[in-house]
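Here is a walk through a two-chain model, written for someone who would rather look at the structure than at a spreadsheet. Have the viewer open and follow along.

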Amino acid sequence: MRAANRGDAVAYRRLLTAITPVLRKVVRARGAALGPESCEDVLQDVLLAIHSKRHTWNEDAPLRPWLYAIARHKVIDAFRVRGRRVELSIDEFAEGLAAEAGSDPTEGRDMEKVLNQLEPRAAEIVRGFGLHGETTAETAARLDMSEGAVRVALHRALKSIVKLRERMIE
Amino acid sequence: MRTDDLIAALAADTKPQAPVAIRMAFPLMGAVGLSGISFALFWGSRPDVWAALGSMAVLKTLVPLVLVALAAAFALALAHPGRAGKGRASALGAVIALAALAFLWALGREGLAGLQGALSTPSLMTCLMSIPALATPLLGVALWGLSSGASLRPWLTGAMAGLAAGALAAAIYSIYCDKDMALFVLPAYGVAIGSVTLAGSLIGMHVLKW
């Protein structure tokens, strides 16, 4: 995390990849009734929160309590809201479960809705890294932008994603 | 979107984020400046300000300043999960308890009639209006800055921001206010600062959510 806060993308990715299975287990244990897809949405919320609040971790303090506090806050919040939402559409929810049984369990739904609200180019940049496994330089070349512009656009896009997700929860 | 794809996108966003305190520093100086200038324009200092600052009345300025330091430090700690704020919280509680004790002691000495006498002055309304007015820009900037933090208890963080803003406004206002009796200062300043604290808590519940 220390390296990540100094801009080391590889170290940061390793950290996020390492904590994700643990977080997923916590989220699924709490929200078994919601179905794997909603759990994945919550997990993605937690990851977004860790990312957008990473500057509130003090480098001299142990990382685990901080991570735990952020995750707990987000998980409680997310289930409080989703619990309410599921009650409203329980039939639809049951149908949806049956129909989507074969889909990838690490696929979140909410994220797509949010990405569709972004500017197409911003959404394209956010998708580019995972879908095509691109680096900033490759995205820049593909979209005919400078590397700096891609960085700024990505940073802004993630910020608006966090805001839009918060609005979804309210 | 798959979670691994999201992680890839998050990891690629390496732009550093400014710490909460640094993000707040300049806007907060601006807000203090705004409150200070409006104070100079619309209130102005009492004629015997230097004599007052050399007497017991200096406590009217000093005690709020102590509250500002403690409440601001506590609010900042609350915006950072995992950072200990217990020491500041108990110091803050001790200062408030001491002020309450001082009020009870003064009340015991002069009785309810004394309290009524001290408070039946037009200065009371001036005080109750001025402190929240001077605190408004401070509270606004403090809440804006703290919203970039990660408060686990938004109402408490907001209340501490309100306490810090209200106490700083009280310290500024004390330069103008020429009522020095304990039975006036303690309840009037207390209610004024308390109302800003309450406002901070109510607004904080909404704007400090994340």
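What follows goes from chain A as a whole, to its domains and its contact with chain B, and then to some individual residues and a helix pair.

**Chain A overall**

Keep in mind that this is a predicted model. Chain A is helical in its secondary structure, with nine helices and zero strands. Reading along the sequence gives the pattern α-α-α-α-α-α-α-α-α. Of its 170 residues, 33% are buried. If you take the contacts in chain A with a separation of 6 or more, 63% of them join residues 24 or more positions apart.

**Two domains in chain A**

The domain assignment splits chain A into domain 1 (1–106) and domain 2 (109–170). Where these two meet, domain 1 puts in 10 residues and domain 2 puts in eight. On the domain 1 side, the elements giving two or more residues are H3 and H4 of chain A. H3(A) has the largest share of that side, with seven residues. By class, the domain 1 side of this contact divides into three nonpolar, three polar and four charged residues.

**Where chain A meets chain B**

Now zoom out to both chains. Here 43 residues of chain A are in contact with 29 residues of chain B. On the chain A side, at least two residues each come from helix H2 (9–30), helix H3 (36–52), helix H4 (63–88), helix H6 (110–117), helix H7 (120–131) and helix H9 (147–169). That side of chain A has 18 nonpolar, 15 polar and 10 charged residues.

**Helix H6 of chain A, face by face**

H6(A) is a nice one to look at end-on. Which of its residues are buried? They include Asp110(A), Met111(A) and Val114(A). Seen down the axis of H6(A), the buried residues fall within an arc of 95°, so they line one face of the helix. Turned away from that buried side is a face with the exposed residues Glu112(A) and Asn116(A). As a reminder, an α-helix has 3.6 residues a turn, so residues three or four places apart point the same way.

**Three buried residues and an exposed one**

The table puts four residues next to each other by their count of C-beta neighbours.

| Residue | C-beta neighbours within 10 Å | Status |
|---|---|---|
| Met160(B) | 32 | buried |
| Ser38(A) | 22 | buried |
| Ala77(B) | 20 | buried |
| Asp144(A) | 7 | exposed |

Start with Met160(B), which sits in helix H7 (residues 154–173) of chain B. Leaving out residues up to four places away in sequence, Met160(B) touches Ala71(B), Phe74(B), Ala75(B) and Leu78(B). The C-alpha atoms of Met160(B) and Gly204(B) are 9.6 Å apart, although 44 residues separate the two along the chain.

Ala77(B) belongs to helix H4 (residues 59–78) of chain B. With residues up to four places away in sequence set aside, Ala77(B) touches Arg83(B), Ala84(B), Gly85(B) and Arg88(B). Between Ala77(B) and Arg88(B), 11 residues apart along the chain, the C-alpha separation is 9.1 Å. Why does Ala77(B) count as buried? Ala77(B) has 20 other C-beta atoms within 10 Å, and the cut-off for buried is 20 or more.

Over in chain A, Ser38(A) is part of helix H3. Not counting residues up to four places away in sequence, Ser38(A) touches Gly31(A) and Arg82(A). Ser38(A) and Phe79(A) are 41 residues apart in sequence, and their C-alpha atoms are 9.4 Å apart in space.

Asp144(A) is in the loop between helix H8 (136–143) and H9 of chain A. Its backbone is worth a look too: phi of Asp144(A) is near 60°, a positive value in a residue other than glycine.

**A helix crossing in chain B**

Last stop: helix H5 (residues 86–119) and helix H8 (residues 182–207) of chain B. Their axes come within 8 Å and cross at roughly 105°. H5(B) and H8(B) are therefore roughly perpendicular to each other. From H5(B), the residues in this contact include Ala99(B), Phe103(B), Leu107(B), Glu110(B) and Gly114(B). From H8(B), they include Leu183(B), Phe184(B), Pro187(B) and Gly190(B). By class, the contact has 13 nonpolar, two polar and one charged residues.

Conventions: Residues are numbered from 1 along each chain as its sequence is written. Chains are lettered from A and ligands numbered from 1 in the order in which they are written. This is a predicted model: local features need pLDDT of at least 70, side-chain atom pairs count only at pLDDT 80 or more; totals for chains, interfaces and linings use all residues. Two residues are in contact if their C-beta atoms, placed from the backbone, lie within 7 Å. Helices (H or I, at least four residues) and strands (E, at least two) are DSSP runs, numbered from the N terminus. Ala, Val, Leu, Ile, Met, Phe, Trp, Tyr, Cys and Pro count as nonpolar, Asp, Glu, Lys and Arg as charged, and the others, Gly among them, as polar. A residue is buried if 20 or more other C-beta atoms lie within 10 Å of its own, exposed if 12 or fewer, and partly exposed in between; C-beta atoms are placed from the backbone. The arc is that of the directions from the helix axis to the C-beta atoms. Domain bounds come from an automatic or database domain assignment. Axes are lines fitted to C-alpha atoms, for helices over the stretch in contact, and angles run from 0 to 180 degrees between N-to-C directions. Angles under 35 degrees count as roughly parallel, over 145 as roughly antiparallel, 65 to 115 as roughly perpendicular and the rest as oblique.
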